[in-house]
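Me: Could you take a close look at the ligand site for me, and then at the enclosed spaces inside the protein? I would like the cut-offs along with the values.

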Amino acid sequence: MEKAEIGLIGLGTMGSNLALNIAEKGHRIAVFNRTPARTQAFVESAGALRDMVVPCASIEELTDAIRPPRPVIIMVLAGTPVDEQIAALRGVMSANDIIIDAGNANFRDTMRRFKELEGSGLTFIGMGVSGGEEGARHGPSIMVGGTPESYQRVEGVLTAISAKFKGEPCAAWLGTDGAGHFVKTIHNGIEYADMQMIAEIYGILRDGLGMRPKEIAPVFAGWNKGRLESYLIEITASVLEADDPKTGRPVVDIILDRAGQKGTGKWSVIEAQQLGIPATAIEAAVAARVLSSMKDERLAAEKAYGANALKFAGDRGDVLGDLELALFAGKIAAYAQGFAVMAGASKEFGWNLPMPTIAKIWRAGCIIRSQFLDTIAEAFGKADPSTNLLMVPAFVEMMGKAHPSLRRIVARAAEAGLPVPALSSALAYFDGYRQGRGSTDLTQAQRDFFGAHGFERIDAPGAFHGPWGSGAA
Ligand code: 6PG
C-alpha cells in the first residue's frame, strides 16, 4: 500500500478533525489512538475519506506506515501525556523523523523537549493550532516552531489544511524551538483580552442600559459589519440570539457567570512579567475570570455593599457609538501589548519573529481572526516590527480618534459601579504610555529615601542621592 504522508496520534475531537482535514486535502494519513475503539470509530466516521486513512493498532505500525522522514503529529492533552508519547516514539523512530506537538503546550516545555531530543537524530516541531473543532476540520491557523528543514518536510500538508485569507495560507514557520507555541500562547492571551472586553461592553449594555439579549444581539451584529468585524463579535451576536430549549429564556441568561480557563492566558501574563513588558489588558482578563469563579464570595459581597444599580443616562444612540469606539480603542491597546510581548520574547529567545506574518496567519482560521489583523499586517509591513503598535502611524490615527470614547465609557462605568477591568487597564496603559512625564519621579525618590537606591537627574548624567538627612533609612 502507498505510504502515508504523515501520522497522527490522539483521535480526540481536535485530533480526529485535523486527521480528516489532512485526508480531505489528499494526504494519506496514518492514525493511532491508545484506545483501539476510538480508532475504529474514527475510521467509521471517515466516510468517503476512508481510503486516505491508515488505521494502526500500535505505534510501530504507525511509524512503519509513513514515508520517511516520518512526521507524526501528537494531539493529546498538554503536559505529561506529550512526554509519554515522545518517549514511546523515540523507541520506534529513526534519524530525521519529526515529532510534532500540536497541542496547547507551554513553550517552555517545548524548548525542554527540543533540548531532550538533541543528539537523538529526531527533530521536533512545536505547533500552535487555533480555530477550535471547526478550524481543525476545515482550516485552522497554524503557528510553527522548529528547524526550517523539518518545516520543509511538512509545509505542503500544513499549508493545504490551513485556513486561507484571500487565498493566502494561514500557516507559517515562525522561528526555532518554542516560537510557534509561544505565539499561540500570546494568541490566546489576546483572545482572553478580546473576550473580556466584549463581555464588559455586554455588561454595560445589559446593566447600564437595561437591554435584553435579543436587543443586544443586533448591536453586535451591526458592529460586525464595521471596524470591529471579527469572529468573536460575530459569535457574540449569535450567542445573544439563542434561546435555552429547556426554559425558553435567552441561553446567556441561564449560564452561570463563572469562567473557566486552561492556562494559556495565565502563561501569557507570566511571560510578559518575566520579559518586563506590560500586558495589563490580558492580565485584567485573566484576573476577571478568576474573580468570576468566586461566585459565592461575590454574592456575599453584593449583599454587604449593595448591587451596582446606576443606569447610564443620556441618548442611547450616543452611548452605543461610544461603546463601539471604546471597544475598538481597548482592542488596539490589547493587541499593542500582545505584539510587544512577542517582540520582547523574540529578542530574548533569538527567534526573530516575523510580526507581519503572524498578523497575516491570524487573519483567518483562528479564534481572534478579524479584519483588524489585516490592518495590523499591513501596518507592520511598513514599520519596524519591534515598534509598539500604538506608534505605527495608521494606529496613531485610529487610536487618536477612538480613545476619547474609551475614556468616557470607562468613566461612566466607574460611576455606575460596573466593572470594566480590561477596558480600564487598556486605557491606563495608553495614558501611561503617552505621558511624557509620569509620576515615578516620586517612586524613585522614595526608593532612594528608604533604600539609598539612587536616582537619575533630568539635568545631569549619573546616579544621585537625595537630601533626605536623618529621616532616611
Ligand atoms: C484556539 C483556542 C483554543 C481553546 C483555548 C481556550 O485558539 O483555538 O484558543 O486553544 O479554545 O484553549 O482556552 P481556555 O479554556 O483557557 O479559555
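Reply: Happy to help; here is the ligand site, followed by the cavities. This is a predicted model, in which local features need pLDDT of at least 70 and side-chain atom pairs count only at pLDDT 80 or more, while totals for chains, interfaces and linings use all residues. Residues are numbered from 1 along each chain as its sequence is written, and side-chain values use heavy atoms, with hydrogens and water left out.

Let's start with the ligand, which sits in the second largest pocket. A pocket here is an open set of points on a 1 Å grid over the protein atoms alone, with protein on both sides within 12 Å along at least five of seven lines; to sit in one, a molecule needs more than half of its atoms within 2 Å of the grid points. There are 13 residues around the ligand, and S130, E191, Y192, K262 and R289 come nearest (a residue is near if one of its heavy atoms lies within 4 Å). By class, this shell holds two nonpolar, seven polar and four charged residues, where Asp, Glu, Lys and Arg count as charged, Ala, Val, Leu, Ile, Met, Phe, Trp, Tyr, Cys and Pro as nonpolar, and the others, Gly among them, as polar. Helix α8 gives the most to the shell, with five residues; helices are DSSP runs of H or I with at least four residues, numbered from the N terminus.

Oxygen atoms of the ligand have polar partners: a polar side-chain atom of E191 lies 2.7 Å from one, a side-chain N or O atom of R289 is 2.8 Å from one, and G131 brings a backbone N or O atom to 2.8 Å. On its own the ligand has 410 Å² of accessible area, and the protein covers 81% of that (Shrake-Rupley method, 1.4 Å probe).

Now the enclosed spaces. The whole structure has two cavities of 30 Å³ or more, a cavity being a set of grid points where a 1.4 Å probe fits but cannot get out. The largest has a volume of about 40 Å³, and its lining is D194, M197, I198, L228, S230, I233, L327 and K331 (lining residues have an atom within 4 Å of a point). Here α8 (179–208) and α15 (316–349) each give two or more residues, with α8 giving the most, three.

The second largest cavity holds about 30 Å³. Its lining includes D194, I198, S230 and K331, and divides into five nonpolar, one polar and three charged residues.

Definitions and conventions
Grid points are joined across faces, edges and corners, and a volume is the space filled by probe spheres set on the points. A polar contact is a pair of N or O atoms within 3.5 Å; within protein, one must be able to donate a hydrogen and the other to accept it, and residues adjacent in sequence count only if both atoms are side-chain atoms.
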